[in-house]
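Reader: I'd like to learn how to read a sheet and a chain-to-chain interface. Could you walk me through both?

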Amino acid sequence: MTTTTKAMPAKGETILRLSQICKNFGAVSALTDIDLEVKAGEVVALVGDNGAGKSTLIKVLAGVHQPSSGTIDFMGRPASLDSPGKALELGIATVFQDLALCENLDVVANLFLGHEMSPWALDEVAMEVRAWTLLRELAARIPSVRQPIASLSGGQRQTVAIARSLLLDPKIIMLDEPTAALGVAQTAEVLNLIERVRDRGLGVIIISHNMEDVRAVADRIVVLRLGRNNGVFTPDASNQELVAAITGATENSVSRRMERKSVHAQEQTGSLT
Amino acid sequence: MSKPANLTPAPAEAPLDRSDVRMRHDDSIGAMLRASLDKVRSGDLGMLPVVVGLIVISVVFSLLNPVFLLPNNLVNLLFDCATVGIISLGIVCVLLLGEIDLSVGSMSGLASAMVGVLWVNLGLALPLAIFAGLAAGACVGALYGVLYNRLGMPSFVATLAGLLALLGLQLYILGPTGSINLPFASVLVRFGQIYVMPAWLSHLLALVPGAVMVLRGLRTRAGRQAAGLSAPPLSALILKAGLLTLGLEFAVFYLNQGRGVPWMFGLLIALVVVLDYALTRTQWGRSMFAVGGNREAARRAGINVRRIYMSAFMLCSTLAALGGMLSAARLASSSQQAGTGDVNLNAIAAAVIGGTSLFGGRGSAYSALLGIIVIQAISNGLTLLNLSSSLRYMITGAVLAIAVIVDSLARRSRVSHGRA
């Protein structure tokens, strides 16, 4: 990783605090009274079913959507995230689910998009060297940084998107489903990467549907349900507890399925004896 | 992060960008030719349509009328190219964003009328009149930008409305006479009709692109090698620069058999070079391509998308105004007919034929230059054959249709070959 130039917050210090965040799309309230806190050197996992509001929350923090009400404190000061540029400037980097890459540009251009070196006479050599170093550090397997994004596979694009978020030395990085498109080895690499980013003292917010991944890296698991907070768990919480919080009931399709399985198994063992 | 064991370790001395064993690297001249052939096959046509078009056009028209290839006819051709070429340069900017400006013809007509009225009728100094025309262009572009950014009006509709409104304004300021003659002895008209470069200067200028190519190539090579990156082979660089210089010197020599290289064409080339630099080597240019490729991604990368749209619309209208004033100089008059007819379509067709995609995110400043040469060659050849304008319109329309078809087919092929 690069040496950080900006002053990093001390470990354990609260970087980001959301309180009472609401977001309405017309008559639909996508987020209602969301509270969230992220400390330096901490991985917070955001879990919830489809439509729970995870991606909306990420977009609010990235400056893509503006909250309808509520306050956001960044480094102890109230912040208004009214544009993606503002969020980046503050030090909130985001890897979006759709990656938000320009397919017609090459890897270097995408990594440095909006933050090119020497704007009046682009320094392609320096940018290419930086791109290679960054991708090397992520153990990325990208054959050439001069090919357009259109020719890369899903996993390679994911790596480019993550590399881009780290380019600006952010204080918080948010990853929306970072491992969904990745193979086994690359998933492990991304999880390693998340841990390394955390050890550098950054705050990490990760959205994932994969409970195994979440438990592997998260320090806290925040559950959203239908746009509301629905509990905070530690990674040693049982799967059942998590699923119950996510679906909103102890009696749910997952538990019913488990029950059916166990009954079935008992019947089988019973018939054997 | 420790390197996974199964990744083939790169040889220690391999440059940074040559460590992946899966890449084929085209380092020799033969391999470079093969790579460009692959590119064309996958739908990245580059300048191929222009070259093929120009060869077909020259053969056909010179068979039909040998005057076509005479030096003086080609000099006239270049005079004509400059006016619409400059308009087309602006079109490249809006097309890069995936937008369009249909009012460039009317804008050029309005600017030519403004020069006539302000300079000849009202007796304003020529530079002031020209400045007023350019400012009017910038204002119209800014208006399109506001309509697009703030009111969400599609550029297609906004500029279609502009086409009519600007034409009306042009007719209004020209008044009942409808036409103003510009004085023949003036600098403007002489620039548009007579001024050519001295032979020695044109030969000297023809050396510049090759020299710049070699110097820049050498500097890039040195920079890349110092940074531990691979560098393209020297032989290919010298070969390219040599061929370019030979071609340009021959063209200049041939034109100098006639009147010589028009200064107005020199202006077009200068503008093309400046815009090319801006598009490929500055942050603004990178943002243009990004917004044209994926607007939302560009926005999330922190690019001020609205400003980019605004700059493109303003640049397009301003260049259209400049082109209009030069065409007034070319014709030595500001008339009601200026900017009507096929000016719009020629400007758009030139950009597309030259390789700028209608779908945004692909193109270059040079496409305007190359495309306009093709378009003007067709129009010039048809004029030499004494064909009526009805036929000329039909043929130009067909050429535009073919250019767009080639563009969309090439795009489909690029998608299936994993190129952008």
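Author: Happily! Let's begin with a term: two strands pair if DSSP finds at least two bridges between them. Keep in mind that this is a predicted model.

Reader: Thanks! How are strands of a sheet held together in general?

Author: Strands of a sheet pair through backbone hydrogen bonds, and the pairing is either parallel or antiparallel. For a case here, take strand 3 (residues 43-47) and strand 9 (residues 220-225) of chain A: they run parallel and are joined by four bridges. Within this pair, Ala45(A) stands opposite Ile221(A) of strand 9.

Reader: Which helix packs on the sheet and touches strand 3, strand 9 and strand 10 of chain A?

Author: That is helix 8 (residues 239-247) of chain A. The direction of helix 8 makes about 30° with that of strand 9. Helix 1 (residues 54-61) of chain A lies across strand 3, strand 6, strand 7 (172-176), strand 8 (203-207) and strand 9, and runs at about 145° to strand 8.

Reader: In what order do the six strands of the open sheet in chain A come?

Author: The order is 6-7-8-3-9-10, and the pairing is mixed. Strand 6 (92-95) and strand 10 (228-233) of chain A are the edges, each pairing on one side only. Neighbouring strands of this sheet are turned by 20° against each other on average, if direction is ignored.

Reader: Now the interface. How is the size of one often given?

Author: A common choice is the accessible area lost when the parts come together. Here chain A and chain B bury about 3,600 Å² between them, with 60% of it on carbon and sulfur atoms. On the side of chain A, Asn104(A), Arg136(A) and Arg141(A) lose the most area to chain B, together 16% of what that side buries. Counted by residues, 45 of chain A are in contact with 37 of chain B.

Reader: How many salt bridges are there between chain A and chain B?

Author: There are three. One salt bridge joins the side chains of Asp98(A) and Arg300(B), at 3.1 Å from N to O. Between the two chains there are also 13 residue pairs in polar contact, counting pairs with both residues at pLDDT 80 or more.

Reader: Which elements give two or more residues to the side of chain A that touches chain B?

Author: They are helix 2 (84-90), helix 4 (124-137), helix 5 (154-166) and helix 6 (184-199) of chain A. Helix 4 provides the largest share, eight residues. By type, the residues of this side divide into 25 nonpolar, eight polar and twelve charged.

Key
Residues numbered from 1 in each chain as written. Chains lettered and ligands numbered in written order. Predicted model: local features only at pLDDT ≥ 70, side-chain atom pairs only at ≥ 80, totals over all residues. Heavy atoms only, no water. Axes fitted to C-alpha atoms, helices over the stretch in contact; angles between N-to-C directions. Contact = heavy atoms within 4.5 Å. Buried area = accessible area lost by both parts, 1.4 Å probe. Salt bridge = Lys/Arg side-chain N within 4 Å of Asp/Glu carboxyl O. Polar contact = N/O pair within 3.5 Å; in protein donor to acceptor, adjacent residues only side chain to side chain. Nonpolar A, V, L, I, M, F, W, Y, C, P; charged D, E, K, R; others polar.
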